[in-house]
Amino acid sequence: MSKMKTKQLTTAAIVGALYAVLSIFASVFGMTFGPVQCRFSEALCVLPFLFPETVWGLFVGCLITNILSPYGLLDVVVGSLATLLAALATRHCKNRFVATLPPVIFNMTMVSALIAWQEVGFGGAFWGAFGYNALTIGAGEVIACCGLGSILLWQMPKIPFFRQLMAENEVKKEKR
């Protein structure tokens with residue numbers, strides 16, 4: 001991994017802080033944790049497609065958010081890992097539509113399994129609880145990533161400031 005420059009580090013930090021603030025704000029309305037959740041901050045998980053340096057900012061932002069989770073240390077680890085894996089996968093996607101899917105898939109499986117296990121353990125009711133959680137968490141992720149995230153991926157390249165950042169990232173890729 002190459003060293004991050006100040007601008008890239010700042011971008012990652014801003015995205016991480018924005019993720020945490022949006023998530024914590026949504027927790028006031030009961031939308032951040034639990035089997036039925038829609039973290040609008042998850043829309044930011046598509047940003048590694050345009051800005052690879054945001055991977056670590058998203059991870060740290062999710063980690064900060066999950067410290068407040070009612071599911072404890074396990075959610076801090078598993079939930080944050082799901083966001084990290086999703087961001088890394090999104091970074092390597094080849095088109096915008098596919099870039100919205102890794103956060104949906106990773107959170108729908110990993111977070112749903114965590115919540116199902118916390119609710120019922122690994123007994124006979126696990127798969128029913130997992131299915132319900134996968135459906136509700138997956139729906140929230142589709143709203144956030146495929147809906148709002150698609151809008152970000154569509155509009156950000158039209159804004160001169162972000163277009164310049166994207167061009168700088170392309171130049172760095174070509175130098176490697």
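## A tour of pockets, cavities and helix contacts

Begin with the second largest pocket, which holds about 230 Å³ of space, and keep in mind throughout that the model is a predicted one. Of the 15 residues that line this pocket, select Thr11, Ile14, Val15, Met156 and Phe162, which lie nearest its centre. Then colour α1 (6-27) and α7 (160-175), since each of these helices supplies at least two residues of the lining of the second largest pocket. The largest share comes from α1, with six residues. Colouring the lining by residue class will show 11 nonpolar, three polar and one charged residues.

**From the pocket along α1 to α2**

Keep α1 selected and add α2, whose axis is 7 Å from that of α1, the two helices packing at an angle of about 30 degrees. How are α1 and α2 oriented to each other, roughly parallel or roughly antiparallel? Angles under 35 degrees count as roughly parallel, and α1 and α2 are therefore roughly parallel to each other. Viewed as a crossing, the pair α1 and α2 is right-handed. To see the contact itself, show the side chains of Thr11, Ala12, Val15, Gly16, Tyr19, Ala20 and Ser23 in α1, which meet Thr54, Gly57, Leu58, Gly61, Cys62, Ile64 and Thr65 in α2. By class, the residues of this contact divide into seven nonpolar, seven polar and no charged. Thr11 and Val15 will already be highlighted from the first stop, as they are among the residues nearest the centre of the second largest pocket, and both also take part in the contact of α1 with α2.

**The loop between α1 and α2**

Next select Pro35, which is placed in the loop between α1 and α2. Apart from its neighbours within four places in sequence, Pro35 is in contact with Tyr71, Ile115, Glu119, Tyr132, Asn133, Thr136 and Ile137. If you then draw a C-alpha to C-alpha distance from Pro35 to Asn169, the viewer should give 37 Å, for a pair that is 134 residues apart in sequence.

**Two cavities**

Turn now to the enclosed spaces: how many cavities of 30 Å³ or more does a search of the whole structure find? The search finds two, and the largest cavity has a volume of about 120 Å³. Select Gln37, Arg39, Asp75, Asn107 and Val111, which are the closest to its centre among the 17 residues that line it. The elements that give two or more residues to this lining are α2 (54-66), α3 (73-91), α5 (101-120) and α6 (126-155). In terms of class, the lining of the largest cavity divides into seven nonpolar, six polar and four charged residues.

The second largest cavity holds about 30 Å³ of space, and for this one the lining can be selected in full: Gln37, Cys38, Arg39, Glu42, Ile137, Gly140, Glu141 and Ala144. Its lining has three nonpolar, two polar and three charged residues. Gln37 and Arg39, which line this second largest cavity, also appear among the residues closest to the centre of the largest cavity, while Ile137, another lining residue of the second largest cavity, is one of the contacts of Pro35.

**α3, α5 and α6**

For the next stop, show α3 and α5, whose axes come within 8 Å and cross at roughly 165 degrees. Angles over 145 degrees count as roughly antiparallel, and α3 and α5 are therefore roughly antiparallel to each other. The crossing of α3 and α5 is right-handed. On the α3 side, select Leu74, Asp75, Val78, Gly79, Leu81, Ala82, Thr83, Leu85, Ala86, Ala89 and Thr90, and on the α5 side Pro102, Pro103, Phe106, Asn107, Met110, Val111, Leu114, Trp117 and Gln118, which together make the contact. These residues divide into 14 nonpolar, five polar and one charged. Asp75, Asn107 and Val111, included in this contact, are also among the residues closest to the centre of the largest cavity.

Finish by adding α6 to α5: the two pack at an angle of about 145 degrees, with their axes 7 Å apart. The crossing of α5 and α6 is right-handed, and by class their contact has 18 nonpolar, five polar and two charged residues.

Methods: Residues numbered from 1 in each chain as written. Predicted model: local features only at pLDDT ≥ 70, side-chain atom pairs only at ≥ 80, totals over all residues. Heavy atoms only, no water. 1 Å grid on protein atoms, 1.4 Å probe; cavity = no way out; pocket = protein on both sides within 12 Å on 5 of 7 lines; lining within 4 Å. Points joined across faces, edges and corners; volume = space filled by probe spheres on them. Helix = DSSP H or I, 4+ residues; strand = E, 2+ residues; numbered from the N terminus. Nonpolar A, V, L, I, M, F, W, Y, C, P; charged D, E, K, R; others polar. Axes fitted to C-alpha atoms, helices over the stretch in contact; angles between N-to-C directions. Parallel < 35°, antiparallel > 145°, perpendicular 65-115°, else oblique. Left-handed = near helix turned anticlockwise from the far one by under 90°. Contact = heavy atoms within 4.5 Å.
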